[in-house]
Amino acid sequence: MTGRFAGRHVLVTGAASGIGRATALRLGRDGADVSCLDLAQDGAEATAATVRQSGGRARAYGCDVSDHSSVQRAVESAVADGGAPSVLCNIAGIGRFAHSAQQPPGEWQRIIAVNLTGTFLMSQACLPHLLARGGVIVNTASTAGVIAQPYSAAYCASKGGVVMLTKAMAYEYIDRGVRINAVAPGGIETPIMESFAYPEDADGRLFHRMMSPMGFAQPDEVASLFAFVASDEASYMTGAVVTYDGGLTC
């Protein structure tokens with residue numbers, strides 16, 4: 001295949017659905033050899049099959065990004081099958097609304113583990129390959145990592161952590177041939193939205209930061225931004241957090 005990612009091996013987490021699936025499909029259309037990682041391996045397999053049906057190359061791997069051993073196994077398998085990666089897109093994520101005074105500790109820990117620790121573990125596993133050859137990491141932040149949002153303490157903390165993780169690692173490797181950036185979506189129509197049911201007795205006056213007058217964007221729209229940030233067209237971009245949110249953070 002030809003395209004701006006031709007000859008490049010790309011790893012995408014959260015590839016079974018939503019932004020992860022849309023990004024894997026977009027990068028596949030742009031010529032990438034795509035490794036689709038997700039806890040839901042059947043969904044990742046379906047995404048990889050769609051890439052292949054379009055003439056691209058793709059494989060799928062089960063991976064719990066919050067678990068170090070699972071990450072190591074998945075990355076090692078992907079490298080064995082597809083060679084060293086050139087791009088990592090950290091898109092796997094979870095979240096829900098909750099009253100901070102009532103959120104179970106285990107729920108807090110799981111959101112931090114997937115969204116923040118998972119981003120770190122995947123980056124750590126791929127960095128030796130990226131440092132050896134050059135490459136790009138694109139993380140998934142959120143408008144919730146840039147501005148406060150109600151009933152989202154765990155999600156805001158996890159995504160705010162991704163923002164600073166992105167900046168810290170970008171600066172650490174600024175002269176080592178590895179660019180590290182983040183995309184901060186807001187209001188994307190994906191399956192994760194189903195997890196964000198308003199908690200009981202929620203104050204509706206606090207939700208003005210949650211919905212743009214422009215409505216929701218579609219996953220394939222923000223996938224185009226991931227593709228740009230990961231491409232050579234963005235070669236001077238590192239340490240950036242790019243919002244895609246219908247003006248929520250204006």
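Helix H3 (residues 68-82) has 15 residues and spans 21 Å from its first C-alpha to its last, close to the 21 Å expected at 1.5 Å a residue; the expected span is 1.5 Å times one less than the number of residues. Helices here are DSSP runs of H or I with at least four residues, and strands are runs of E with at least two, numbered from the N terminus. The model is predicted: local features need pLDDT of at least 70, side-chain atom pairs count only at pLDDT 80 or more, and totals for chains, interfaces and linings use all residues. Residues are numbered from 1 along each chain as its sequence is written, and side-chain values use heavy atoms, without hydrogens and water.

In H3, the residues Ser70, Val71, Ala74, Val75, Ala78 and Val79 are buried, where buried means under 20% relative accessible area, exposed over 50% and partly exposed in between (1.4 Å probe, protein chains only). They lie on the same side of H3 because they cover an arc of only 155 degrees around the axis, taken from the directions from the helix axis to the C-beta atoms. The face turned away from that buried side carries the exposed residues Arg73, Glu76 and Ala80. The cover over the buried residues includes strands S1 (9-13), S2 (33-38) and S3 (57-62), and helix H4, by contact of heavy atoms within 4.5 Å.

Two residues other than glycine have a positive phi.

| Residue | Phi | Loop | Relative accessible area |
|---|---|---|---|
| Tyr151 | near 60 degrees | between S5 (135-140) and H5 (153-172) | 15%, buried |
| Asp201 | about 65 degrees | between S6 (178-185) and H6 (219-230) | 68%, exposed |

Methods
Axes are lines fitted to C-alpha atoms, for helices over the stretch in contact, and angles run from 0 to 180 degrees between N-to-C directions.
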